[in-house]
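I opened this notebook page to record what I looked up, beginning with the sheet and going on to the spaces enclosed by the protein.

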Amino acid sequence: MRLNRLTENIYYTECDSNSDRPVLGYINGDRCSVMVDAGNSANHVKDYNFFLTQQGLKKPKYCIITHWHWDHTYGLHAVDAETIAHTKTNQELVRMSSWEFTDPKMKERLISGEEISFADEHIRAEYPKLKEIR
């Protein structure tokens, strides 16, 4: 993962298709900075923060969530910023927060169609220990 500069104040990371890590954004404002999406894990957030520090950029005050998919939100617990999300996104996050991440429960969600195999495969790639999912 790298932090790329798009403009003087806009940065973004590269995606990682191995574990479905999406592009994360960074907006460096005059009064504060903003993280765009929370990534798919605490490790994703840790890597993001490392690259911010490496570039001498300030820690984000806010984290804007673009949508509720796992790869954009499962890092939320590791983000030290105020989170901003649409009401519908928050409703989905509340629904997913009740999920159990055990092999049998994940398989049930696949069978019911509540989850898709692409997400299941990549969640397992990012989280070898499913109990680490928050």
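The entries below follow the order in which I looked things up.

**Entry on the model.** I note at the outset that this is a predicted model, and I keep that in mind for everything written here.

**Entry on the sheet.** I looked up the strand order and found that six strands form an open sheet, arranged as β1-β2-β3-β4-β5-β6, with mixed pairing. At its edges I have β1 (3–5) and β6 (82–84), each of which pairs on one side only. From one strand to the next, the twist averages 25°. As a reminder to myself, strands of a sheet pair through backbone hydrogen bonds, and this can be parallel or antiparallel.

**Entry on β3 and β4.** I then asked in which sense strand β3 and strand β4 pair. I found that β3, residues 25–28, and β4, residues 33–36, are antiparallel and share four bridges. The connection between β3 and β4 is a hairpin of four residues. Within this pair I noted that Tyr-26 has Met-35 of β4 as its bridge partner.

**Entry on β4, β5 and β6.** Following Met-35 to the other neighbour of its strand, I found Cys-63 in β5 standing opposite Met-35. Here β4 and β5, the latter covering residues 62–64, run parallel and are joined by three bridges. The path between them is also on record here: β4, helix α1 (residues 42–54) and β5 make up a β-α-β unit, and this unit is right-handed. Going on from β5 to β6, I again found a parallel pair, joined by three bridges, in which Tyr-62 has Glu-82 of β6 as its bridge partner.

**Entry on the largest pocket.** I turned next to the open spaces and asked which element gives the largest share of the lining of the largest pocket. The element is helix α3 (residues 87–97), which contributes four residues. The volume of this pocket is about 220 Å³, and its lining includes Thr-73, Tyr-74, Leu-93, Val-94, Met-96, Ser-97, Trp-99 and Phe-101. By class, I wrote down eight nonpolar residues, three polar ones and one charged one for this lining.

**Entry on the second largest pocket.** For the second largest pocket I noted a volume of about 150 Å³. Among the residues that line it are Asp-20, Trp-68, His-69, Trp-70, Asp-71, Met-96, Trp-99 and Glu-115. I found that α2 (70–73) and α5 each supply at least two residues of this lining. The lining divides into seven nonpolar residues, one polar residue and four charged residues. I marked Met-96 and Trp-99 in my list, since they appear in the linings of the largest pocket and of the second largest pocket.

**Entry on the cavity.** Finally I asked how many cavities of 30 Å³ or more there are. The count is one, and the largest cavity holds about 30 Å³ of space. Its lining is made up of Trp-99, Phe-101, Met-106, Arg-109, Glu-115, Asp-120 and Ile-123, and the elements that give two or more of these residues are α4 (103–112) and α5 (117–126). I classed this lining as four nonpolar, no polar and three charged residues. Trp-99, already marked above, therefore needs a further mark on my page, as it lines the largest cavity, the largest pocket and the second largest pocket.

Definitions and conventions:
Residues numbered from 1 in each chain as written. Predicted model: local features only at pLDDT ≥ 70, side-chain atom pairs only at ≥ 80, totals over all residues. Heavy atoms only, no water. Pairing = 2+ DSSP bridges. Right-handed = clockwise from strand over helix to strand, strands pointing away. 1 Å grid on protein atoms, 1.4 Å probe; cavity = no way out; pocket = protein on both sides within 12 Å on 5 of 7 lines; lining within 4 Å. Points joined across faces, edges and corners; volume = space filled by probe spheres on them. Nonpolar A, V, L, I, M, F, W, Y, C, P; charged D, E, K, R; others polar. Axes fitted to C-alpha atoms, helices over the stretch in contact; angles between N-to-C directions.
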